[in-house]
Amino acid sequence: MSITNADGTYSIKLPAAASTYTASAEIKTNYNGIAYKFRLRPEEVGGFTQEGAVRNFRWVLSGEYPDEPGLYYGGTITLDKVIGSSLFDVENIEFTLTPVGNLVDGSVGKILTRRCGPPSSDTFGQLVDIPIGRYKITAVHKPTGNRVLVRNKNGAFSADGSVTLDFYGEKSPWFCSNCMVIEYGE
């Protein structure tokens, strides 16, 4: 691992070898008292040889990794059905995420409305690539128009059925990084 100098650059010597090398970068920061670690997006993807290369990196809060399809810079929300709830079709629930304050990088967030794809079982779904921030989350079952209650995993439902949460940072109790787990029910 190398750390940048005062102007943000660094250089390393590479051993002579027939293989190709790549570079990656990350940033660590605290947000609402939680430690986060983010992979930075390279402006150019690809390896370089022992002669070297220049790589510039940017901090982005969403988008797919250019070199690893299916992985994202944004956080993941795992949706878990409350035991005893009759709502099985999580793919028909529309979740609204309203930012509470600025996002982790200090930028102003936007209200997001998201649905997940069909779950892998009748109790599980995910919302992916959500810019890390604090959100007030509400939900509606679109076929019926009924409000769906949401809460922190094993938490209590609020009177209005919403929940305000931060993402777990790099030390999550749920074995994921930059994620959150919410439960839904009626």
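Pro131 is found in the loop between β8 and β9. In this predicted model, Pro131 has a relative accessible area of 15% and is therefore buried, since the cut-off for burial is under 20%. Leaving aside neighbours within four places in sequence, Pro131 is in contact with Leu61, Ser62, Leu103, Leu112 and Phe167. One of these partners, Leu103, lies 28 residues away along the chain, and the C-alpha atoms of Pro131 and Leu103 are separated by 7.3 Å.

**Overall architecture**

The protein contains 12 strands and 0 helices. Read from the N terminus, its elements therefore follow one another as β-β-β-β-β-β-β-β-β-β-β-β. Of the 186 residues in the protein, 35% are buried. The exposed surface amounts to about 10700 Å², and carbon and sulfur atoms supply 51% of that area. Contacts across the sequence can also be described by their span: among contacts between residues at least 6 apart in sequence, 62% join residues at least 24 apart.

**The nonpolar core**

The largest nonpolar core has 32 residues. Ile77, Leu79, Phe95, Ile137 and Ile182 are the residues with the most contacts inside this core. At least two core residues come from each of the strands β2 (34-39), β5 (75-81), β6 (93-99), β8 (124-130), β9 (134-141), β10 (146-152), β11 (163-166) and β12 (179-185). Strand β12 gives the most, with 5 residues.

**Strand β9 at Thr138**

Thr138 is placed in strand β9. Its relative accessibility is 31%, so Thr138 counts as partly exposed, a class that lies between the limits of 20% and 50%. In general, the side chains of a regular strand alternate between the two faces of the sheet. Not counting residues up to four places away in sequence, Thr138 touches Glu94, Phe95, Thr96, Val150 and Ser162. Thr138 and Thr96 are 42 residues apart in sequence, yet their C-alpha atoms are 5.3 Å apart in space.

**The hairpin of β1 and β2**

Strand β1 (residues 26-31) pairs with β2 in the antiparallel sense over 6 bridges. Within this pairing, Ile27 stands opposite Phe38 of β2. The two strands form a hairpin with 2 residues between them, and Asn32 lies in the turn.

**Positive phi values**

Most residues other than glycine have a negative phi. Two asparagines with a positive phi are set out below.

| Residue | Phi | Place | Relative accessibility |
|---|---|---|---|
| Asn32 | near 50 degrees | loop between β1 and β2 | 40%, partly exposed |
| Asn178 | about 55 degrees | loop between β11 and β12 | 7%, buried |

Asn32 counts as partly exposed because its relative accessibility of 40% falls between the limits of 20% and 50%. Asn178, at 7%, counts as buried because this value is under 20%.

**Aromatic rings**

The count of aromatic pairs comes to 5. In one of them, Tyr36 and Phe38 are stacked, with a distance of 6.0 Å from centre to centre and 20 degrees between the planes. The pair counts as stacked because its angle is under 30 degrees. A pair of aromatic rings is described by the distance of the centres and the angle of the planes. Both partners are shielded from the surface by the same criterion of under 20%: Tyr36 is buried with a relative accessible area of 0%, and Phe38 is buried with a relative accessible area of 3%. Ring pairs also link Tyr31, Tyr36, Phe38 and Trp59 into a cluster.

**Arginines over aromatic rings**

Two arginine side chains are placed over ring faces. Arg39 lies over the face of Tyr65, at 4.0 Å from the ring centre. Arg151 lies over the face of Phe157, at 4.5 Å from the ring centre.

Notes: Residues are numbered from 1 along each chain as its sequence is written. This is a predicted model: local features need pLDDT of at least 70, side-chain atom pairs count only at pLDDT 80 or more; totals for chains, interfaces and linings use all residues. Side-chain values use heavy atoms; hydrogens and water are left out. A nonpolar core is a set of buried Ala, Val, Leu, Ile, Met, Phe, Trp, Tyr and Cys residues joined through side-chain atoms within 4.5 Å. Buried means under 20% relative accessible area, exposed over 50%, partly exposed in between (1.4 Å probe, protein chains only). Helices (H or I, at least four residues) and strands (E, at least two) are DSSP runs, numbered from the N terminus. Two strands pair if DSSP finds at least two bridges between them. Rings of Phe, Tyr and Trp (its six-membered ring) pair if their centres lie within 6.5 Å; planes under 30 degrees apart count as stacked, over 60 as edge-to-face and the rest as tilted. A charge sits over a ring if NZ of Lys or CZ of Arg is within 6 Å of the ring centre and within 35 degrees of the ring normal. Contact means heavy atoms within 4.5 Å. Accessible areas come from the Shrake-Rupley method with a 1.4 Å probe; for residues, only the protein chains shown count as cover.
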